[in-house]
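Hi everyone, thanks for coming. I'd like to walk you through a structure today, so please have a look at it with me.

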Number of protein chains: 2
Amino acid sequence: MSSTSALTRPTPELIERFAAIVGPRHALTDAEATLPYRTEWRDRFPGATPLVLRPESTAEVAAILALANEARCAIVPQSGNTGLVGGQVPDQSDTEIVLSLDRMTRIRDVDAEGYTMTAEAGAILADVQAAAEEAGRLFPLSLGAEGSCRIGGNISSNAGGTAVLAYGNTRDLVLGLEVVLADGRIWEGLTGLRKDNTGYDLKQLFIGGEGTLGVVTAAVLKLYPRPRGQAVAFAAVESPAAALSLFTEARARAGHDLTGFELMPRIGLQMVLDHLPGTRDPLAETSPWYVLIEIASGHSDEAAAATLEDVLGTAFEAGTVIDAAIAQSIADRKAFWHLRHGMSEAQKPEGGSIKHDVSVPVARVPEFLDEAIAAVAAMVPGCRPVPFGHLGDGNIHFNVSQPLGADKAAFLARWEEMNGLVHGIVASYRGSISAEHGIGRLKRDLLPGVKGPVAMDMMRAIKAAFDPNGILNPGKML
Amino acid sequence: MSSTSALTRPTPELIERFAAIVGPRHALTDAEATLPYRTEWRDRFPGATPLVLRPESTAEVAAILALANEARCAIVPQSGNTGLVGGQVPDQSDTEIVLSLDRMTRIRDVDAEGYTMTAEAGAILADVQAAAEEAGRLFPLSLGAEGSCRIGGNISSNAGGTAVLAYGNTRDLVLGLEVVLADGRIWEGLTGLRKDNTGYDLKQLFIGGEGTLGVVTAAVLKLYPRPRGQAVAFAAVESPAAALSLFTEARARAGHDLTGFELMPRIGLQMVLDHLPGTRDPLAETSPWYVLIEIASGHSDEAAAATLEDVLGTAFEAGTVIDAAIAQSIADRKAFWHLRHGMSEAQKPEGGSIKHDVSVPVARVPEFLDEAIAAVAAMVPGCRPVPFGHLGDGNIHFNVSQPLGADKAAFLARWEEMNGLVHGIVASYRGSISAEHGIGRLKRDLLPGVKGPVAMDMMRAIKAAFDPNGILNPGKML
């Protein structure tokens, strides 16, 4: 499946035909010009490409795919190029064409009354958020890369982020799609309907499909009312088990209004305080674990604060929470969130970090953490686990920093071994080895093991049905 | 596609082999015994069948499908047999085997802390709700047939209901599935994870797949906190446009806590008052249109009531609401909802009713209603449109009662003509001709026209990939 064996490197003549579709200015062949499209920011997947195409319309995308399908050329769809699993960059064969959506950035329509927006795949997430805000609405998807990631990539990777608890993953925020299929036909599925039971829900295959089944060119997105109030607390807890109790209490009291619940270990906070300028510890005493809680209200900040105080008050009495700082201003709220969002970046100066993006059933996160922390400590004595993330979704970024003073390369050389260890534990909890980042190239070899033969057969059958020549993002996912 | 031409009526010998799988007691061949499985409550799709099989386990379902696939026998999966489009009953050829899930009723697991439940396909929706309630949780799916419909059918038809506004359709309430494929293989996809980006989201094809791609045997369902408070109002409004303004206001103020928003016309309320015993008008004066608003709270009834009063107060001042009754007790709330739920039943004594289950973008519901009401009145002078439903989802049950004193049969003879008229208007709003009931047999011929050739090709390719012999629910949907 999706093997590149039958695919060909585009000839100069073919490159000219592709270039004619988008205009020569938007067909890049020069190694320097293609560099930002064939490498990604972590530099883990350096690629080569004979051609980067930057279409400006769905019709151009369609013409590109029709030609690529006819000529059997591999196409790598790319939007913001911020993915973490190498799904959006070409391989090193120097045969794969990059199809960048970065010129298709239009917000086609905002329907405030209908709570929908239609955006093209290349629209930057922050611009989508801003267009919603301008219309008095909320587009809740929010993640670290929001200033540069693009909505087409968010959709193709079913991005998660920090608002999943209340609003769901990207999948839950998409009402309709426009997709160019492998043979160049356009599927115009741009419906804004809340309910539509007419046949299979085709859009679901492209959401999280990592560009292997079609190229998403536009989407109808769900908007929400903007909360009129918000309250944020940074709370110290003894353990992940205490954090889970606090989550259960917060969920029961705030319901849908619980919009954020993030777990952080002391070591992660310490790294942020050590390495990110302008940060400070919101609490006087140190604590082994912390939780960031965000609560929204349709009424006012006061109402959100009342709910938050209700939750924290109960938790104090129960001994679940040791101490807590409540944000007194918007600046405070941002500062608390900055501590959380800085957790990944702050690990870099500490040397090598072996990463896992895993999820387990929410109620089993504490057990999982105990077991996984003990296991990596036994494997690499002195290593420093920095597990943090979306406790309310069961999604933990289980990052492990190298031992102090250890050799970075030697530590990172054990990446796969440690992944194997942690993923084995994840499997015993019936968890996921890729909670939000996808499979791409990074975890492709692991997929058959975690899905099993029946699911793999179904996926391969879908791939074969949608892209019989295997031109779409070969070597990714399947 | 999915033609029955290559399928065969099971021979007596084959019937014996099928019967051996489930045991002779659970293999029904007698016409009287099979009657409840081959007809449905509206009596629109009387069918014939040589065999009804009632397996008690997933393994038995797998054995049935393996044999059916080998022998090329058509299988009609059925759970509660409450569907409205004939998707769950055999045709009149007397060749199709009914596979009933009505013995697979176990709630396998309730995980209160993880907010999930695992239920078998034959569990009655009301029992699923009750099991959640027993664990202090809410399973929000709620619809008229909840006392007899079964969760497998709810999933296969992506049921909607009255809680979609806050909690989504059935699709949004399913985390994982166990499915038996056409060849008898079992896909064990019973994950309870909130986040899992490992490959295509296969479950989405079976949700709303109407049993044409596989037989759902069990599901992991999402649970929610039980609201600690609730408030319900029955409000009089001048027009659908006023109702839409009220909805916008309510949504902005209550956000996720707005759990119900239902539109009803005076004529519908009058029919309920005339025909359903024990009902009474909550308001002193009559009004052309009514809205039922339900608001939840994570705190208390008082908090929900405060939000509701806030919404209604603003609406009174703006002149959007003419009058409103607020439920003072649980009995009041039930009585208000009974008026809404009785709307379909109360139309029966009024003679023939031509039905449409349509949706349009929420913001365009008022325009659509104006246009559709005028159109059917022009087509059948004196006919009585009774459009009601889930305004907040854009989903209107556009039912049209016959003119007073007209001939029922003559009126009903115009069913397809009127459907064509209304669906044409729906199309001009980019709406759906089946918002929540599905396609089944009733709307099969309409599907190509509303989906277009590209979507139809994708659906047929999926069907061919999943069920190459076309044994699963032939003649339904595709």
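Which residues of chain A does the UniProt annotation "domain: FAD-binding PCMH-type" cover? According to that record, an unreviewed entry, they are residues 45-226. Please keep in mind that this is a predicted model. Over that stretch, chain A is 21% helix and 25% strand, and the C-alpha atoms at its two ends are 39 Å apart.

Now let's see how the two chains meet. On chain A, 86 residues are in contact with 86 residues of chain B. Together the chains bury about 7100 Å², with 56% of that on carbon and sulfur atoms. Which residues of chain A lose the most area to chain B? They are A:Lys195, A:Asn197 and A:Tyr200, and together they account for 15% of what that side buries.

There are charged pairs here too. The rule finds 10 salt bridges across the interface of chain A and chain B. One to look up on your screen joins the side chains of A:Asp393 and B:Lys195, at 3.6 Å from N to O.

Finally, the empty spaces. How many cavities of 30 Å³ or more does the structure hold? Three, and the largest has a volume of about 140 Å³. Its lining has 15 residues, and those nearest the centre are A:Gly255, A:His256, B:Tyr167, B:Pro225 and B:Pro227. Two or more lining residues each come from helix 8 (240-254) of chain A, and from strand 11 (224-225) and strand 14 (289-297) of chain B. By type, the lining splits into seven nonpolar, six polar and two charged residues.

Definitions and conventions. Residues numbered from 1 in each chain as written. Chains lettered and ligands numbered in written order. Predicted model: local features only at pLDDT ≥ 70, side-chain atom pairs only at ≥ 80, totals over all residues. Heavy atoms only, no water. 1 Å grid on protein atoms, 1.4 Å probe; cavity = no way out; pocket = protein on both sides within 12 Å on 5 of 7 lines; lining within 4 Å. Points joined across faces, edges and corners; volume = space filled by probe spheres on them. Helix = DSSP H or I, 4+ residues; strand = E, 2+ residues; numbered from the N terminus. Nonpolar A, V, L, I, M, F, W, Y, C, P; charged D, E, K, R; others polar. UniProt positions renumbered as here; feature names shortened; annotations may be inferred. Contact = heavy atoms within 4.5 Å. Buried area = accessible area lost by both parts, 1.4 Å probe. Salt bridge = Lys/Arg side-chain N within 4 Å of Asp/Glu carboxyl O.
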